[in-house]
Amino acid sequence: MNNQNNNESSMVDVVKREGISAVWLVPFIALLFGAWLLIKAVSERGEFITIEFDNANGIVVGKTEVRYKGLTIGVVKDVEVSDDLQNVIVEIEMISESADSLTDETQFWFVTADVSFQGVTGLDTLLSGSYINMQPDSDRTGKRQRHFVALKEPPSLSQETPGLHITLSADNLGSIGKNSPISYKQIKVGYVDGHSYDENTEMVNIHAFIEPEYAHLVKENSRFWNASGFQITGSLTSGVKLTTESLASIVAGGIAFDNSTFEPEMAIAQNGQKYDLFDDFEDAEMGHKIELMLGWNSELDIGAPIVYQGITLGRIYDFAKIDPETRKIRAIAKINPRVSPYLTSDSQFFVETPSLDLGGVTNMHRLLTGSHIGFRPSQEGTPQLKFKVYGQKPPYHYSEPGLHLVLESSDVQSLRRGAAIFYKQQQVGTVQAIENIGPNQFLVHIHVREDYQSYVTKDSRFWNASGFKVTGGLQAFDVEAQSIQSILKGGIAFDEGKKANAGSPENGDRFTLFERKEFAEQRLPLELVVATAKDVRKGTRIMYRGEEIGSIHAITHQGGRAYLTAGLLPQFEFVLRDQTQFWLVQANVSLNGLTDTEALFGGDYFTLNAGAGDPANSFAATLTPPAKHHSADGLQLKISAQSGSVVNPGSPISYRGISVGQVDNVSLDSDGSDVFINITIDDKYRHLVSAYSRFYNASGVTVSGSFANFTMKTESADAVLTGGISFFTPEQSNGDTPLNEGDLFTLFDNVEHARNAGVAITIDFNEVAGLRSSMKIKYKDQPIGIVERLVFNEETYGAQAIAYLKDTGRGFAVEGTKFWLTEPELGLVGSRNVGAILGGGYISVLPGSGQTKTEFKAEDSAPVVEQLPYGLNVKLTTDRLGSVRIGNPVLYRQIKVGQVIGVDLGDAANTVNIFVNIQDRYANLVKTRSVFWNTSGLSIDAGIFSGVQIDSESVETMLSGGVAFATPEPTEDEPLITVDQGHGFTLQQEFDSEWYEWAPEIELEK
């Protein structure tokens, strides 16, 4: 069965078909695809061109691209060397769409990264590689071309590029290059597109481009200047100034421009407009040309500034002609156009040359920069552009704004033309000219600026302010000068005058020029007549109570006498009365000392006694102090002194440091035993003096005190050397005592003695050790008096202390008062009066009561104090004192509640009484059953089995001694009873430990 099936399946019927086989479709389709590729390749084939370069640096076949506006439009296919081996030929395949733009107007250049001072270009090539840039023939007006020569740098912008295209003309290019920024008010508004050289004009043409949004800023009259780098300008007066447009212009160069603010605004610039490029901003600003005729010795050079009021308005630009025959130099200058309206026939130009000599310094700020041309503008006259330059500054015309005056003087000293005029140390004008019209006769022409002419009145005083002046007294001195300029060059100063509504002067008015400020201020005329002027000179002072009120201005001689012309300050007009007395004070130096140190240090001077009477201005002056008229103003007093060397006629009388009078004269009494000092107290101060006033010597320095506390006093530095008297008036309680003219007072040696001179007492001491003069008298450590001197008893022993009690200590000069010497005590059991170790001992006092008493016997030791007026006073009795001392503490439960105030023997001398004071707050702690014991030292209790026990109330009582007490608990049978003042207790020497256990509750005083 199976075999039959196999045979059937092996039999196949073959049928033969007619036509082309489908297999042939494959090669046919491949043929069609190849044809399509061929057609596509032919149709997409680019335009081949060649470009000639200097070298092939950076050009890579198959990689370097040709770009237009950042798009790739071609690629380098081949590079080969030209036939002459001078250049390279680069074959490039361009896209077919660029074929119509490839004409003779098309330009190519190579772009690669470039870093220079002008900036960084081609920065994008650092990542994408160098490329060839193309500028096509956009209008397609050129002829078809397939070979090109590459540009060495990018081409200039087309005039069709939106924005403003202008040309700047300059003598040289400087540091300006392509792409240098152009700025307006330091904002970049454009850049330099390129530059070229014009052989016809021999100028460099700089092609500039302004961005469209800034094109309207450029006007027809705009000024452009080279802003490259930075500019340093400066002077001695204005310092150093650094100017630059921007950091970019410093590095790469740049151009700036601006428009005039004082000229009419003109139309906006158009493409192709030409401008001059100035060298710098200052050159651009000085754009107005004028012609100056210079003298042969003007010593000016190109660049010399033209200055007005310190402001540079222009500079010499060039010299047009130098003529040795006429000895003239014609210079061309550029000046700021702002001043063109002031360039008239009345305008003045002049040379100002710096100079340095012993007479002073002129134009010091120009010492380094050299001479310059000064300028005086004027609107008077006719406009002109040619001017004569004067060799020096000419005087102002009276038509010049300001005040023109003439000063008359007999000596101009160091004044020079150009010297300053000062008002309150501020310069307000200058000296214009100095004219000598005869022997000792000068006219000084001055000009005060318009802003300050109102300061000058018809009552103004002018003085020579040249150099400097040292003035002052023994207290201090001043160095006065108007300015450094006036020290070196000289100057004049003035004031407004003293008269109200004095009126204003006119141009040409004349004033007196005083020799110095003091003479000008001394407006009151005065004449002194003396027998001889041997010791008088111009400038000799007139003093009144230590103050300079005038001086001698001139000295003339006539008929064997000297006439002194002087002046006084207006505020001292009251001394010009016919009874006023003047005399000359001279220093007298001898072995005995000085009679007037004011005259020694400041020179001889005149002083005066102000008198009454009718007004006068001529006086006869003497060489010695005259006797004062009794009718003179003021309170006339007489002071008795041991010596007359402490003061001089004219020395001040002071009260609390204020001068209230003066010494009139010093004389001996009839028998020569006393010196009388006649003084005058001003009427307005006479109420300060009473019958109780005390006058003391205020000359020199008073040192009082001790090592612990000392005082050095002086009334004033003048009084140290020139002498003086001061006084004070203590308060009195017994009514006013009349004070009459001529009353006599005593002069105390110093203020300490004067203040302690309330009551004079004597104290007799048995012991003189520790006593000294000037020792203080104290009550409860407060000084109430002082020992004036000690009188020793040569026949017996001891000494008598003559002392003064202060006014506050008058109450101690009574019966019962006790005095004793207190000195420091040091010891192991206690120290007392430790403060006296440095300050020295003193006399202590215990007040008494009764009648007034001035003679006392000192206690040999401090009296026993049994009670104090406060607290609770109790008495403790014991067999011996032990280490208890006055001042030891009294303790309750180890708290100090009082102290030992006194110790003494009992009436029978068999016991010791210890007086204790308990503070008011703790007085209630002491009861009748209280127990007192001696706490001095320490208690030691020892045993074989109990050991050693050391007990002490406190460290203080262990060392210095003390007393303690305790109060027991109250009971019904024995209540606690308060004690009275003076209650007595027995002081226990042995301590019972049971007492420590007592702790009653007792309310304390609040």
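## Strands, barrels and a few single residues

Seven bridges join strand 37 (residues 524–530) to strand 40 (residues 561–568), and these two strands run antiparallel. Keep in mind that the model is a predicted one. The exercises below start from that strand pair.

**Exercise 1.** Find the bridge partner of Val-529 in strand 40, then work out which barrel strands 37 and 40 belong to.

*Solution.* Start with the pair itself: strands 37 and 40 are antiparallel and share seven bridges. Within strand 40, look across from Val-529 and you land on Tyr-563. Now zoom out. Seven strands close into a barrel, in the order 37-40-39-38-44-41-45, and the pairing is mixed. Neighbouring strands in this sheet are turned by 35 degrees against each other on average, ignoring direction.

**Exercise 2.** Trace the order of the strands in the closed barrel that contains strands 50 and 53, and say which residue of strand 53 stands opposite Tyr-696.

*Solution.* Go round the barrel first: its seven strands run 46-49-48-47-53-50-54, again with mixed pairing. The average turn between neighbouring strands here is 35 degrees, direction ignored. Next, pick out strand 50 (residues 694–697) and strand 53 (residues 725–728): they run antiparallel and are joined by four bridges. Tyr-696 stands opposite Ser-726 of strand 53.

**Exercise 3.** Strand 18 pairs with strand 10 and with strand 14. In which sense does strand 18 pair with strand 10, parallel or antiparallel, and in which sense with strand 14?

*Solution.* Take strand 10 (residues 164–170) to begin with. Strand 10 pairs with strand 18 (residues 274–278) in the parallel sense, over three bridges, and Thr-167 has Lys-274 as its bridge partner in strand 18. Then move to strand 14 (residues 223–226), which is also parallel to strand 18 and is joined to it by two bridges. Here Phe-224 is matched with Leu-277 of strand 18.

**Exercise 4.** Which residues cover the two faces of strand 69, and how does strand 69 pair with strand 63 and strand 66?

*Solution.* Split strand 69 (residues 963–966) by side: Val-963 and Phe-965 sit on one, Ala-964 and Ala-966 on the other, and all of them are buried, so both faces are covered. Now for the pairing. Strand 63 (residues 889–892) pairs with strand 69 in the parallel sense over three bridges, with Leu-891 opposite Ala-964. Strand 66 (residues 931–934) pairs with strand 69 in the antiparallel sense over four bridges. In that pairing, Val-931 has Ala-966 as its bridge partner.

**Exercise 5.** Is Thr-878 buried or exposed, and what does its side chain make a polar contact with?

*Solution.* Locate the residue: Thr-878 lies in strand 62 (residues 872–878). Its relative accessible area is 4%; the cut-off for buried is under 20%, so Thr-878 counts as buried. Next, check the side chain, where a polar contact of 2.6 Å joins Thr-878 to Gln-989. Leaving out neighbours within four places in sequence, Thr-878 is in contact with Thr-911, Val-912, Ile-914, Leu-987 and Gln-989.

**Exercise 6.** Why is Phe-281 classed as partly exposed, and what separation do the C-alpha atoms of Phe-281 and Ala-227 have?

*Solution.* Phe-281 belongs to helix 5 (residues 281–285). Partly exposed covers the range between the buried cut-off of under 20% and the exposed cut-off of over 50%. Phe-281 has a relative accessible area of 40%, so it is partly exposed. Finally, although Ala-227 is 54 residues apart from Phe-281 along the chain, their C-alpha atoms are separated by 7.6 Å.

Terms used:
Residues are numbered from 1 along each chain as its sequence is written. This is a predicted model: local features need pLDDT of at least 70, side-chain atom pairs count only at pLDDT 80 or more; totals for chains, interfaces and linings use all residues. Side-chain values use heavy atoms; hydrogens and water are left out. Two strands pair if DSSP finds at least two bridges between them. Axes are lines fitted to C-alpha atoms, for helices over the stretch in contact, and angles run from 0 to 180 degrees between N-to-C directions. Buried means under 20% relative accessible area, exposed over 50%, partly exposed in between (1.4 Å probe, protein chains only). A polar contact is a pair of N or O atoms within 3.5 Å; within protein, one must be able to donate a hydrogen and the other to accept it, and residues adjacent in sequence count only if both atoms are side-chain atoms. Contact means heavy atoms within 4.5 Å.
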